[in-house]
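Visitor: I would like to go through this structure by question and answer. Please keep to what the coordinates show.

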Amino acid sequence: MSLFTKSLSKTSFLTLCLGSSIGLYSSAAVSEVESDPWEGVNRITYGFNKGVDLVVLRPLAKGYEFVTPDPVEKGVHNFFSNLSDVGSLVNNLLQLKGDASAHDFSRIMLNTTFGLGGILDVATPMGSPKSGEDFGQTLGYWGVGSGPYLVLPFLGPSSVRDGFAKIPDSYTNVWGQAVDHVPTRNTGYGLEVLDARVGLFPLEKLISGDEYSFVRDAYLQRREFSVRDGRMDTGFDASDF
């Protein structure tokens with residue numbers, strides 16, 4: 001998949017901490033990953049997350065969006081997006097993707113220098129869109145299956161593989177590793193969460209039918225799409241036409 005295509009998929013889904021997104025390709029992709037054997041427990045956890053979102057996170061995100069000028073809001077988003085490119089670089093190196101690694105490195109350098117520490121995204125308009133790799137994708141790239149679907153408290157849709165991968169991913173979190181002052185670090189975490197939640201507002205209207213099933217299927221499809229670098233196994237034959 002081209003980096004531009006991958007960037008579009010990332011932008012469309014943003015952060016699925018409490019989840020909402022668009023199906024990226026046919027429902028046949030879902031059958032290629034593990035099922036949802038823990039659906040009963042997952043639905044309870046999803047309901048808990050939904051309650052926290054409705055009572056706490058969504059109102060805070062609405063307030064943040066209302067009081068924050070658009071340029072400042074965009075700058076916050078760009079800043080944390082630039083930091084996350086470091087993790088993407090590390091995972092592209094682990095996947096032995098030389099071109100993608102060079103691409104991530106160039107993005108980091110451009111946005112950190114000419115973009116005033118990442119506040120401005122100068123790389124994307126210059127033809128260097130975000131790739132967005134994580135350790136879950138790295139494990140998938142090397143053949144590790146996703147395992148059963150899993151809804152994590154506060155973190156939302158995941159899988160056994162992706163849930164485990166959050167641990168090594170935390171070591172490539174530049175903000176968490178570089179900022180020692182706890183109040184400053186936690187304020188940054190809060191801003192990052194609010195920015196991610198604001199990005200989900202336009203996607204909420206796309207949910208149809210059973211919300212839990214919609215979010216689950218969209219998450220699994222998107223992760224399969226990302227792990228495969230956009231390669232889709234359509235499985236068409238003459239009987240389909």
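Visitor: What is the N to O distance in the salt bridge where the side chains of Asp 229 and Lys 97 meet?

Guide: This is a predicted model, so the value is computed from predicted coordinates. A salt bridge requires a side-chain nitrogen of Lys or Arg within 4 Å of a carboxyl oxygen of Asp or Glu. The side chains of Asp 229 and Lys 97 meet that requirement, with an N to O distance of 2.7 Å.

Visitor: How many residues apart in sequence are the parts that Asp 229 and Lys 97 tie together?

Guide: Asp 229 is in the segment after α9, while Lys 97 is in the loop between α3 (70–94) and α4. Both Asp 229 and Lys 97 are buried. The pair therefore links parts of the chain whose separation in sequence is 132 residues.

Visitor: How many salt bridges does the structure hold?

Guide: Side chains of opposite charge can pair when their charged atoms come close. One such pair is Glu 204 and Arg 197, at 2.5 Å from N to O. For the structure, the number of salt bridges is 17.

Visitor: Are Glu 204 and Arg 197 buried or partly exposed?

Guide: Buried means under 20% relative accessible area, and partly exposed lies between that and 50%. Arg 197 has 4%, so Arg 197 is buried. Glu 204 has 26%, so Glu 204 is partly exposed.

Visitor: Which residues do salt bridges that share partners join into one network?

Guide: One salt bridge here is between Arg 216 and Glu 39, with the closest N and O atoms 3.9 Å apart. Arg 216 lies in helix α9 (residues 211–227) and Glu 39 in helix α2, so this pair connects parts 177 residues apart in sequence. Arg 216 is buried at 15% relative accessible area, and Glu 39 is partly exposed at 29%. Through shared partners, salt bridges join into one network the residues Asp 36, Glu 39, Arg 43, Asp 210, Arg 216 and Asp 217.

Visitor: In what order do the elements of the protein run from the N terminus on?

Guide: The secondary structure comes to nine helices and two strands. Buried residues account for 44% of the 241 residues. Read from the N terminus, the order of elements is α-α-α-α-α-β-β-α-α-α-α.

Visitor: Which residue in the turn of the hairpin formed by β1 and β2 has a positive phi?

Guide: Strand β1 (residues 149–152) runs antiparallel to strand β2 (residues 156–159), and four bridges join them. Within this pairing, Val 151 stands opposite Pro 157 in β2. The hairpin has three residues between its strands, and the turn residue with a positive phi, about 70 degrees, is Phe 154.

Visitor: What span, from first C-alpha to last, does α3 reach?

Guide: α3 is followed by Leu 96, which has a positive phi near 60 degrees. The helix has 25 residues, and at 1.5 Å a residue the expected span is 36 Å. The span in the model is close to that, at 36 Å.

Visitor: Which residues of α8 are buried?

Guide: α8 has 23 residues and spans 33 Å from its first C-alpha to its last, close to the 33 Å expected. Ala 196 is in this helix, residues 182–204, and is buried with a relative accessible area of 11%. The buried residues of α8 are Arg 185, Gly 188, Leu 194, Asp 195, Ala 196, Arg 197, Val 198, Leu 200, Phe 201 and Leu 203.

Visitor: What separates the C-alpha atoms of Ala 196 and His 77 in space?

Guide: Along the chain, Ala 196 and His 77 are 119 residues apart. In space, the separation of their C-alpha atoms is 8.1 Å.

Visitor: With which side chain does the side chain of Lys 130 make a polar contact?

Guide: Lys 130 is located in the loop between α4 (98–113) and α5 (135–141). Its side chain reaches the backbone oxygen of Ser 81 at 2.7 Å. The side-chain partner, also at 2.7 Å, is Ser 84.

Visitor: Which residues make the nonpolar surface patch of about 380 Å²?

Guide: Helix α2 (residues 39–67) contains Leu 54, which is one of the patch residues. The full set making the patch is Leu 54, Val 55, Val 56 and Leu 60.

Note on methods
Residues numbered from 1 in each chain as written. Predicted model: local features only at pLDDT ≥ 70, side-chain atom pairs only at ≥ 80, totals over all residues. Heavy atoms only, no water. Patch = residues over 30% accessible without salt bridge, like charges linked within 9 Å, V, L, I, M, F, W, Y side chains within 5 Å. Areas by Shrake-Rupley, 256 points an atom, 1.4 Å probe, with all protein chains shown as cover. Pairing = 2+ DSSP bridges. Polar contact = N/O pair within 3.5 Å; in protein donor to acceptor, adjacent residues only side chain to side chain. Buried < 20%, exposed > 50% of the residue type's maximum accessible area, 1.4 Å probe, protein only. Expected span 1.5 Å × (residues − 1).
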